[in-house]
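User: Could you take a close look at the aromatic side chains in this model, and then walk me outward to whatever surrounds them?

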Amino acid sequence: MNFFFDYIYYRITKFYFKWDGRTGGTAIVAISMIQTLIVGDIAVFLVRLFVDRSDTASYSKAIGYFFAIMLIFFVLYNYRKYNGRYNKFRSVWKEETREKKLIKGFLVIASLVVPWIPIILIGVYW
């Protein structure tokens, strides 16, 4: 799993390099969002299995605060982990073929979009 987030950090930082520089702030926030959504997807699914929607409505504000705190935790954790590591990752992946870059780039975009789908589906249909 570490490799997965390392590569996402590298590609997003590379894309936003003019704005963020080597720190990769946008990539750190994106990775934190993915991690928060994965935990959130699992938590929401488990809660919805055992608790009715009307019962969770009264706790929605507290749940929102919990996820905001979790996002802040992941941002701080990922900042400590990834800040300034762009050059290291660049040396590892700079020799990628165009075909590999395209496939992995699609996977990076998918990893940004896919974690939203379960929460949306649970909110609409369940």
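Analyst: Happy to. This is a predicted model, and it holds 17 aromatic pairs. One of them joins Tyr82 and Phe89, whose ring centres lie 6.2 Å apart with 55 degrees between the planes. That pair counts as tilted, because the edge-to-face class begins only over 60 degrees. Both partners, Tyr82 and Phe89, are buried.

Now follow the ring pairs along. They link Phe3, Tyr7, Tyr9, Tyr10, Phe17, Tyr82, Tyr86, Phe89 and Trp93 into a cluster. Tyr7, a member of this cluster, also has a charged neighbour: the charged end of Lys104 sits over the Tyr7 ring, 4.9 Å from the ring centre.

Two names from the cluster, Tyr9 and Tyr82, turn up again in the largest nonpolar core. That core has 16 residues, and Ile8, Tyr9 and Tyr82 are the ones that touch the most other members. Helices H1, H3 and H6 (86–93) each supply at least two of its residues, with H1 giving the most, six. As background, nonpolar side chains tend to be buried together in soluble globular proteins.

H1 and H3 also lead us to the open spaces. Take H3 first: helix H3 (25–50) contributes at least two residues to the lining of the largest pocket, as do H4 (53–57), H5 (60–82) and H8 (116–125). The share from H3, six residues, is the largest. This pocket has about 440 Å³ of space, and 16 residues line it, with Val44, Arg48, Thr56, Ile63 and Phe67 the closest to its centre. By class, the lining has ten nonpolar, four polar and two charged residues.

H1 brings us to the second largest pocket, whose volume is about 250 Å³. The elements giving two or more residues to its lining are helix H1 (2–15) and helix H7 (98–113), and H7 gives the most, five. The lining is made up of Arg11, Ile12, Lys14, Phe15, Tyr16, Lys101, Gly105, Val108, Ile109 and Leu112, which divide into six nonpolar, one polar and three charged residues.

So, if you are looking at the model now, a handy route is to start at the tilted pair of Tyr82 and Phe89, pass through the aromatic cluster to Tyr7, and pause at Lys104 over the Tyr7 ring. From there, H1 can guide you to the lining of the second largest pocket, and H3 to that of the largest one.

Conventions:
Residues numbered from 1 in each chain as written. Predicted model: local features only at pLDDT ≥ 70, side-chain atom pairs only at ≥ 80, totals over all residues. Heavy atoms only, no water. Phe/Tyr/Trp six-rings, centres within 6.5 Å; stacked < 30°, edge-to-face > 60°. Buried < 20%, exposed > 50% of the residue type's maximum accessible area, 1.4 Å probe, protein only. Lys NZ or Arg CZ within 6 Å of the ring centre and 35° of its normal. 1 Å grid on protein atoms, 1.4 Å probe; cavity = no way out; pocket = protein on both sides within 12 Å on 5 of 7 lines; lining within 4 Å. Points joined across faces, edges and corners; volume = space filled by probe spheres on them. Helix = DSSP H or I, 4+ residues; strand = E, 2+ residues; numbered from the N terminus. Nonpolar A, V, L, I, M, F, W, Y, C, P; charged D, E, K, R; others polar. Core = buried A, V, L, I, M, F, W, Y, C linked by side-chain atoms within 4.5 Å.
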